[in-house]
Number of protein chains: 2
Amino acid sequence: MTAPVTPGFSFRTEASDGHARVGRFTTPHFDVETPTFMPVGTQGSVKGLSPAEVESTGAQIVLGNTYHLWLRPGPELIAKLGGLHGFTKWPRAMLTDSGGFQAFSLAQEGPRTAATAGKFNAGAKISEEGVVFRSHLDGSRHAMTPETSMLVQGQLGADVSMQLDECTPLSDEKVRDRAALEGAVARTTRWAKRCLDVWNRDYRHQQKALFGIVQGGTFVDLRIAHAEELAALDFDGLALGGFSVGEPIPMMYEALAEVAHRLDAERPRYLMGVGTPLDLLEGVEHGVDLFDCVLPTRNARNGQALTRFGTVNIKQARFREDPRPLDEACGCACCAGGYARAYLRHLFVAGEMLVLRLLSIHNLWTYGALMREARAAIREGRYAAFKRSWIEGWNRGVE
Amino acid sequence: MTAPVTPGFSFRTEASDGHARVGRFTTPHFDVETPTFMPVGTQGSVKGLSPAEVESTGAQIVLGNTYHLWLRPGPELIAKLGGLHGFTKWPRAMLTDSGGFQAFSLAQEGPRTAATAGKFNAGAKISEEGVVFRSHLDGSRHAMTPETSMLVQGQLGADVSMQLDECTPLSDEKVRDRAALEGAVARTTRWAKRCLDVWNRDYRHQQKALFGIVQGGTFVDLRIAHAEELAALDFDGLALGGFSVGEPIPMMYEALAEVAHRLDAERPRYLMGVGTPLDLLEGVEHGVDLFDCVLPTRNARNGQALTRFGTVNIKQARFREDPRPLDEACGCACCAGGYARAYLRHLFVAGEMLVLRLLSIHNLWTYGALMREARAAIREGRYAAFKRSWIEGWNRGVE
């Protein structure tokens, strides 16, 4: 087992409590305290927010979507503008995903139809070479291979890139399809090696890190074996992919409990695309360091506030005259700014953009505070009590 | 002639250059340096921007639309939440319009049809009593009288409210309809007195100011006579309404040159709903102190940046790879933040909200800087040269 291998990167565990741990992921330009949540900046912007606003929520690293940025505006343009950092002016660490997940899930073979719209993997063709798909923007045909993913991510120039993996959708029926998951695991390992060949040749010396992705669905033995396989390779961190893709939540939690803490302890562990605050609490308990999810920002745009006391839809009539902020104890720019629930509701009903910002800031703050408080609890050896208490608050409901 | 009459209000001219003047409009809670531009916060929010962002552009007073706020969320609710200041958290002075202009121009008699959509005054019924119209939101019937306008504005609680006036649309044909304009002038005076009756009884002692509105189209003699009539009443300021409502721009400029400087010099002069940077330069030259217009924020949402070197549409292909900010010498959060034109274009093409904010901030900054520089030029007795030079820059075009 080896710690991060790219020059300038290191990961140090500063405290632990059970499997939960506080760490410091150091990149050549930025420090990231873990566990941490990464807001998603799909198209080069965390929707509606300025970099300063995102940073104000406690975010220390932001995720960019390679699929979207590849198709528009294109990685060559972004490279010319100084990479994602220069392009977006985000002042801290960045990570890009491989683009594979969106190529599978967003891309369509030919024009969208009622039958294919929104279907995971509809129309994309996966082979040993990679994924062939049509752009969701204009139907143009593209091939995403391990090599192109590395080339595109290298041009985007985030601090951390991700290998291309094969992510198998799970559902009540498919979750038990061991053969499909074994195939995805084996292919992901082969793709891992192809990714590393490119990375070691072209990008490693530019002080850009690469993470591997563990697959295996909810089969714990597959996951553990895959984690060991990938840990033997020159990855700077290891991710758990293929969770929260349709499987029942209790199955995800069971697998997480068995698998997460077995990922190489000397490298950061990243649970991809997850999740709710409860998912994060669960992941942290089992030793996860990094999370990302569109949930806090996407739900904000639908009017849903995530608070310490659960979720609430700001459109509700009960808030029509409510002079209180969303959460009087919250320190975000929305709550501390004193904006009344009645004002937020008015803005939402009137279609005013400002409310989407304010709710996004609030929701990301809730995630940032959750991670900050989790780090403190781990340092003080009271993570289990913290988790219990947080869940109690979440289930209490907003008054 | 009398200076502002409401307790706590004063207006002082600090410097002048020809008819152009620098003043200080003092309200019980805020100081406003004039000439100044008021961004428009139609529904309780300058679209997309936080109060701090609006303030950062140099704005010292914001306008709220009585028509919109009356229909949604309602003035009683806003009053309960502490008035427009408490509701929106805007930390400086506020002014509300009378609601009449929107009642005439947005409201429809019955549901919108292709024939009436967008038509000024379509369907609204104007009588001596006031304006009866149907809400553009739900078709409900409302009557806007001088008395209801005062009641609604009193509840909104801005620092400055406006009398209800009759604003006559102008067009190439109607601009010469002297009889209609004479009628509007006379009615506006009668409505002024009804407004003042309510204001003096209910709101004056709450340290809320009321401005009168001069009508008369482009008939200079009507305008001057009306200005003198209204100056004899207890208004804290005088506005020029009914400009920029369809008449040819040169006719507006001619009338402004004759009329604006003849409005009582001891009270602030407000040119309503105007306009482009060139309109503001013209207005200032002739002694106008206050302006408002949706142009900088509305055009931003359509992708148009207003710069010292004219307007430019950020969608243009020529900006695809342009690494420069909109204007390297501009101090706004968009330009000083270093956002490349290529990035702004990408955000616009990709439908990302952030660009609407950045362009709105930039455009309001352009207006704020124009007013700040105009004040400096007036103080230094070089307003004519400043105006010439600004127009030259504007006509130069963006490189």
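**Exercise 1. The environment of B:Arg24**

Why does B:Arg24 count as partly exposed? Establish also where the residue lies and what surrounds it in this predicted model.

*Solution.*
Step 1. Count the neighbours: B:Arg24 has 15 C-beta neighbours inside 10 Å.
Step 2. Apply the cut-offs: a residue is buried with 20 or more such neighbours and exposed with 12 or fewer, and partly exposed in between. B:Arg24 is therefore partly exposed, because its count is 15.
Step 3. Locate the residue: B:Arg24 belongs to strand β2 of chain B, residues 20–26.
Step 4. List its contacts, setting aside neighbours within four places in sequence: these are B:Arg12, B:Glu14, B:Asp31 and B:Glu33.
Step 5. Consider a remote position: B:Ala186 is 162 residues away along the chain, and its C-alpha atom is separated from that of B:Arg24 by 31 Å.

**Exercise 2. The relation between the two chains**

Determine the operation that relates chain B to chain A, and describe the contact between the chains.

*Solution.*
Step 1. Superpose the copies: a turn of 180° with a shift of 0.0 Å along the axis lays chain B on chain A, with an RMSD of 0.0 Å.
Step 2. Name the operation: this is the relation of a two-fold axis.
Step 3. Find the C-alpha of chain B nearest the axis: it belongs to B:Met353 and lies 4.1 Å from the axis.
Step 4. Compare the contact surfaces: the same surface serves both copies, since 100% of the contact residues of chain B recur in chain A.
Step 5. Count the residues: chain B and chain A contribute 30 residues each to the contact.
Step 6. Assign elements to the side of chain B that touches chain A: α3 (75–80), α4 (83–88), α13 (341–349) and α14 (354–379) of chain B each give two or more residues. The largest share, five residues, comes from α13(B).
Step 7. Classify that side of chain B: 15 residues are nonpolar, nine are polar and six are charged.
Step 8. Note the scores of the model: ipTM is 0.95 and pTM is 0.96.

**Exercise 3. The domains of chain A**

Describe how the two assigned domains of chain A meet.

*Solution.*
Step 1. State the bounds: domain 1 comprises 10–34 + 65–293, and domain 2 comprises 300–396.
Step 2. Give the separation: the centres of the two domains, taken over C-alpha atoms, are 28 Å apart.
Step 3. Count the contact residues: 14 residues of domain 1 are in contact with 13 residues of domain 2.
Step 4. Identify the elements on the domain 1 side: β1 (10–17), β2 (20–26) and α10 (277–285) of chain A each supply at least two residues. With six residues, α10(A) gives the most.
Step 5. Classify the domain 1 side: it has eight nonpolar, two polar and four charged residues.

**Exercise 4. Strand pairing**

Describe strand β7 of chain A, residues 93–96, and the open sheet β8-β9-β10 of chain B.

*Solution.*
Step 1. Sort the residues of β7(A) by direction: A:Ala93 and A:Leu95 point one way, A:Met94 and A:Thr96 the other way, and all are buried.
Step 2. Recall the general pattern: in a regular strand, side chains alternate between the two faces of the sheet.
Step 3. Find the partner strand: β6 of chain A (residues 61–64) pairs with β7(A) in the parallel sense over four bridges. One of the bridge partners is A:Thr96, which matches A:Gly64.
Step 4. Turn to chain B: the sheet has three strands with antiparallel pairing, and its edge strands are β8 (125–126) and β10 (141–144).
Step 5. Examine one pair: two bridges join β8(B) to β9 of chain B (residues 131–134), and B:Lys125 stands opposite B:Val132.

Terms used:
Residues are numbered from 1 along each chain as its sequence is written. Chains are lettered from A and ligands numbered from 1 in the order in which they are written. This is a predicted model: local features need pLDDT of at least 70, side-chain atom pairs count only at pLDDT 80 or more; totals for chains, interfaces and linings use all residues. Copies are superposed by least squares on the C-alpha atoms of residues with pLDDT of at least 70 in both. Two residues are in contact if their C-beta atoms, placed from the backbone, lie within 7 Å. Domain bounds come from an automatic or database domain assignment. Ala, Val, Leu, Ile, Met, Phe, Trp, Tyr, Cys and Pro count as nonpolar, Asp, Glu, Lys and Arg as charged, and the others, Gly among them, as polar. Two strands pair if DSSP finds at least two bridges between them.
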